[in-house]
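Biologist: Please take one strand of this model and go through it closely, then place it in the rest of the fold. I would like the cut-offs given as the terms come up.

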Amino acid sequence: MHGKKILLVDDSDVVLEANRIALEDGGYAVVTVDNPFSVPYLLRKEKPDLVLLDVNMPTMAGDLVARIVSSHPLQRVPIILYSTLPEAELAERVKSSGATGFLRKTSDRTQLLERVKGWLTAGP
């Protein structure tokens, strides 16, 4: 999985930095952005292998970003909704948005890396 690129989208600088460090320590290249409107551009420019997308952002909800991106036929990248919302709500948002899956925000770096590896192995 080394050499895979992850696009990490979150409006919290603390979350972006903590997860960037964890993912880079796990051997991934990481591109971070705090603006969900930049996601379509960064998908074309950076060509990430996976997107970790915060759900609750003030300018645009992550599940809306996922819906927009997943409706584009050329964007075949796993999109993982990343939030503190209850699992049942996240599962519903995955279904309605076309995202690949979800991950509840956690400080458990091992869980984050295991789940990311699983989605990268499974593909879009």
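Modeller: The account below starts with strand β1 and works outward from there. This is a predicted model, in which local features need pLDDT of at least 70, side-chain atom pairs count only at pLDDT 80 or more, and totals for chains, interfaces and linings use all residues. Residues are numbered from 1 along each chain as its sequence is written, and side-chain values use heavy atoms, with hydrogens and water left out.

Helices and strands here are DSSP runs numbered from the N terminus (H or I, at least four residues, for a helix; E, at least two, for a strand). Strand β1 covers residues 5-9. Of its 5 residues, 4 are buried, so β1 is largely enclosed by the rest of the structure. Buried means under 20% relative accessible area, exposed means over 50%, and partly exposed lies in between, with a 1.4 Å probe and protein chains only.

Val9 belongs to β1 and counts as buried, because its relative accessibility is 1%. Leaving aside neighbours within four places in sequence, Val9 is in contact (heavy atoms within 4.5 Å) with Leu16, Val33, Pro36, Val39, Val51, Leu52, Leu53, Asp54 and Met57.

On one side, β1 pairs with β2 in the parallel sense over 5 bridges; two strands pair if DSSP finds at least two bridges between them. Leu8 stands opposite Thr32 in β2. The whole sheet is open, has 5 strands in the order β2-β1-β3-β4-β5, and is paired in parallel. Its edge strands, β2 (29-33) and β5 (101-104), each pair on one side only. Neighbouring strands are turned by 20 degrees against each other on average, direction ignored. Further along the sheet, β3 (residues 50-54) and β4 (residues 79-83) form a parallel pair over 4 bridges, with Leu52 opposite Ile80 in β4.

Helices lie across these strands. Helix α2 (residues 39-46) lies across β1, β2 and β3 and runs at about 170 degrees to β1. Such angles run from 0 to 180 degrees between N-to-C directions, and axes are lines fitted to C-alpha atoms, for helices over the stretch in contact. Helix α4 (residues 87-97) lies across β4 and β5, at about 150 degrees to β5.

In soluble globular proteins, nonpolar side chains tend to be buried together. A nonpolar core is a set of buried Ala, Val, Leu, Ile, Met, Phe, Trp, Tyr and Cys residues joined through side-chain atoms within 4.5 Å. The largest one has 23 residues, and Leu7, Val9, Val51, Leu53, Ile79 and Leu81 have the most contacts inside it. Two or more residues come from each of β1, β2, α2, β3, α3, β4 and α4. Apart from this core lies another of 17 residues, including Ile6, Tyr28, Leu50 and Leu103. In a regular strand the side chains alternate between the two faces of the sheet.

Elsewhere, helix α1 (residues 13-25) packs with helix α5 (residues 109-122) at an angle of about 65 degrees, their axes 10 Å apart. The contact is made by Asn19, Ile21, Ala22, Leu23 and Asp25 of α1 and by Arg109, Leu112, Leu113 and Val116 of α5. As for distance, Val9 and Ala122 are 113 residues apart in sequence and 21 Å apart in space, C-alpha to C-alpha.
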